[in-house]
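Trainee: Could you take me through this structure feature by feature, giving the general idea before each case?
Mentor: Gladly; let us begin with how the chains meet.

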Amino acid sequence: MDSLLQFLFSGLTVGAVYALVALGFTIIYNASDVVNFAQGEFVMLGGMITVFAHEAGIPLPLAALLAVVLTAAIGVALNKLAIEPARGAPVVSIIIITIGASIFIRGASQLIFDKQLHRLPSFSGDAPIRIGGATILPQSLWVIGGALIVFVALWLFFTRTLTGKAVLATANNRLAAQLVGINTRAIMTLSFALSAAIGALAGVLATPITLVSYDVGVALALKGFAAAMLGGMGNPKGALVGGLLLGLFEALTAGYLSSQYKEAVAFIVILAVLFAMPQGLFGAKSTERV
Amino acid sequence: MKTTMTLTGLTLALLASTAHAELRLGASLSATGPAAFLGDPEAKTLEMLVEELNANGGINGEDVVLTLYDDGGDPNKARTFATRLIEDDGVVAIIGGSTTGTTMAIADLADGEGIPFISLAGAVSIIDPVREFVFKTPHTDRMACEKIFTDMQAQGTTVIGMISGTDGFGASMQAQCKDVAGDYDITIAADETYGPGDADMTPQLTNIANTDGIQAVLNPGFGQGPAVVTRNYAQLGIDLPLYQSHGVASNGFIELAGADAAEGVRLPGTALLIADILPDDDPQKEVATTYKAAFEEQAGQPVSTFGGYAHDAFALMVDAMTRAGSDDPQDIRDALEATSGLIGTTGTYTFSETDHLGLDLSAFRMLEIVDGGWSAID
């Protein structure tokens, strides 16, 4: 059994999950400078809704679509009911609101769904693919593929579309954006819908590997947040690279040092990187205009 | 007129106090919160059994009144509720403490106030050293290690690898297994861990598989970790026996891991889990099937080992109260300690002055997962 290759496959599998969660953070952050701590709950909702819809007899692709749409709607509701009324409040206050929302969604899911662990069937079976003495599950390829597609889509969105640029403009200066005719409220709503949809997609893809229960969101959001910070908050490329790197650090530490220290080592590396590059690997240098 | 009414009232009150004397039983369980998967079936079991008992005439003609609190897995709340049970509700006995943490909070109080207390938590430290008023129903993780090692020894296994969860359950059992491994001439050549929320354990398993001389792998853990380990084990195609702990002895585990990946996994479980396939002459057959049928009908969810712990605690308490024939906590405690050969879903209990758990290794059945279901090895 080839150890290094197996560690790399493990790192890529876990890293792709982190990257998908990290990508969800970028849009809301880009639109409002707010780190949405309910992002992990969107991931959980994606998984849970798909599981329950699938158990109720809806075919898997349709159940997944339903989960993405419903979660996007919950994202919009979160924006309309909790974030918009607090418009004008400092960013820190809004971040705290998202923490509250995360607790609320978790509690509600516990009641609406249940407290058990659930799993979705793998999309393309469970037969491992053997490459050079190591193995990877087909579902891992789905997650890695999903992360790549979302990354490319986001990158095109922010650089090639007017709406994407309007999102960046809203974050940069809300008043100026309004002056040039951007509907900043609609942009905020859109950013929450998209972030929630990406989170839900992450949940759908990752659930066959990670399993899902009402309380998985916190741990996922923490890892996704760390990945996004490592790569540079708000940059899709940073989210992708940061997620994959974090997964690889963990797998290699578990493989070569000790599994006891894998999370500690991963976070020490992140701290070291942020110490040298406070904006993360790909973060934009922020210049405050006076 | 007024006198008649007062008289009638008095008579009624007198009648009530004689015919409807009641035994007050207290419980503090973690029906919600992180330990809800323990406390939820336990609470449902107690409520169901009390109702059933009273419908059948109670204990020596007295109804049992259950006061049940939900401590949410928080030891501080458990202590508050235990105080309330003893001082305000005037209970004569307490069942509870779904977790070791909440149990310890209640145990100090119950032992100090002289109220018999049966815990539903795992740790060996609850009954070792023995405290006068503290008993427990679940077997310990040390016993699970011993049961697993006995089976390994029978297979001629001497060198094993361990991969344990870092949560409380996994860490405690890891320590206990390492402690008793020597007694069974078993060497732990690889000792890996994983976080409770981890999604991939292939690096740890690769290292275990690449360690020289490993003959079997043991995974003490709880929740999603063991399911992921089992799936990764199949993914890597490791051709060694995989042992799981009693922490995952439920049908949910087979579903989460997938029947293919779980094929051949061995673990120690209780008779309750295989109630349907127990031979008819098994002493636990009747208790296990009766409780399983009643619980599944009442709660609409599959029976779990944890609900079984509550069932056994209640059966022990009822048995002791019946024999004590009084509602004095001291008498109930003495009767409890004299329990001999009481058959529960977890095992057959015989308490003594030095043993407040009262189970031996025969309480565990070594099970193997075959064709997506359970089968008994011994």
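Mentor: The model is predicted, and the place to begin is the contact between the chains, where 25 residues of chain B are in contact with 27 residues of chain A.

Trainee: How is the size of an interface usually expressed, and which elements of chain B supply at least two residues of the side that touches chain A?
Mentor: The size of an interface is often given as the accessible area lost when the parts come together. Here the description goes by residues: helix 2 (36–55), strand 7 (187–194), helix 7 (202–209), helix 8 (224–235) and helix 9 (251–257) of chain B each supply at least two residues of the side that touches chain A. Helix 7 of chain B provides the largest share, 6 residues, and by class this side of chain B divides into 9 nonpolar, 13 polar and 3 charged residues.

Trainee: How is chain B itself divided into domains?
Mentor: A domain may be assembled from separate stretches of sequence, and the assignment for chain B gives domain 1 as 21–140 + 287–361 and domain 2 as 142–275 + 364–376. The C-alpha centres of these two domains of chain B lie 29 Å apart, and their contact takes 15 residues from domain 1 and 15 residues from domain 2. On the side of domain 1 of chain B that touches domain 2, the elements giving two or more residues are helix 11 (285–299) and helix 12 (305–324) of chain B. Helix 11 of chain B gives the most, with 3 residues, while the classes on that side of domain 1 are 6 nonpolar, 8 polar and 1 charged.

Trainee: Which residues have the most contacts inside the largest nonpolar core?
Mentor: That core has 209 residues, and those with the most contacts inside it are Ala19(A), Leu20(A), Leu23(A) and Ile94(B). Helix 1 (residues 3–32) of chain A gives the most to this core, with 18 residues, and the core also draws at least three residues from each of the two domains of chain B. To see the surroundings of one of these residues, leave aside the neighbours within four places in sequence: Leu23(A) is then in contact with Ala147(A), Val150(A), Phe151(A), Leu154(A), Ile198(A), Pro236(A), Ala239(A) and Leu240(A).

Trainee: How should I read a helix such as helix 9 of chain A, and is it mostly covered or mostly open?
Mentor: An α-helix has 3.6 residues a turn, so residues three or four places apart point the same way. Helix 9 (residues 217–231) of chain A has 15 residues, which at 1.5 Å a residue should span 21 Å, and its end C-alpha atoms are 21 Å apart, so the two values agree. This helix of chain A is mostly covered, with 12 of its 15 residues buried, among them Leu220(A), Lys223(A), Phe225(A) and Met229(A). The buried residues of helix 9 of chain A pack against helix 1, helix 2 (39–55), helix 4 (91–112), helix 10 (236–257) and helix 11 (262–276) of chain A. After helix 9 of chain A comes Gly232(A), whose phi is positive, near 115°.

Trainee: Which residues of chain A does UniProt list for "transmembrane region"?
Mentor: The unreviewed UniProt entry lists residues 7–29, 58–79, 91–113, 140–158, 179–205, 238–258 and 264–284 of chain A. Such a record can be set beside the model: residues 91–113 of chain A are 96% helix and 0% strand, with end C-alpha atoms 32 Å apart, and residues 238–258 of chain A are 95% helix and 0% strand, with end C-alpha atoms 27 Å apart.

Trainee: Where in chain B is Pro129(B) found, and what is the peptide bond that leads to it from Asp128(B)?
Mentor: Pro129(B) is found in the loop between strand 4 (117–119) and strand 5 (134–136) of chain B, and the peptide bond from Asp128(B) to Pro129(B) is cis, with omega near 5°.

Trainee: Is Asp185(B) buried or exposed?
Mentor: Burial is judged by counting neighbours, and a residue with 12 or fewer other C-beta atoms within 10 Å is exposed. Asp185(B) has 11, so this residue is exposed; Asp185(B) is found in the loop between helix 6 (168–180) and strand 7 of chain B, and its phi is positive, near 55°. Asp371(B), in the loop between strand 13 (365–370) and strand 14 (373–376) of chain B, has a positive phi near 50° and counts as exposed because it has 8 C-beta neighbours inside 10 Å.

Trainee: And how many C-beta neighbours does Met201(B) have inside 10 Å?
Mentor: Met201(B) has 30, and therefore counts as buried, although Met201(B) is found in a loop, between strand 7 and helix 7 of chain B. Apart from neighbours within four places in sequence, Met201(B) is in contact with Ile163(B), Tyr194(B), Val228(B), Val229(B) and Asn232(B).

Conventions:
Residues numbered from 1 in each chain as written. Chains lettered and ligands numbered in written order. Predicted model: local features only at pLDDT ≥ 70, side-chain atom pairs only at ≥ 80, totals over all residues. Domains from an automatic or database assignment. Contact = placed C-beta atoms within 7 Å. Helix = DSSP H or I, 4+ residues; strand = E, 2+ residues; numbered from the N terminus. Nonpolar A, V, L, I, M, F, W, Y, C, P; charged D, E, K, R; others polar. Core = buried A, V, L, I, M, F, W, Y, C linked by C-beta atoms within 7 Å. Buried ≥ 20, exposed ≤ 12 C-beta atoms within 10 Å, placed from the backbone. Expected span 1.5 Å × (residues − 1). UniProt positions renumbered as here; feature names shortened; annotations may be inferred.
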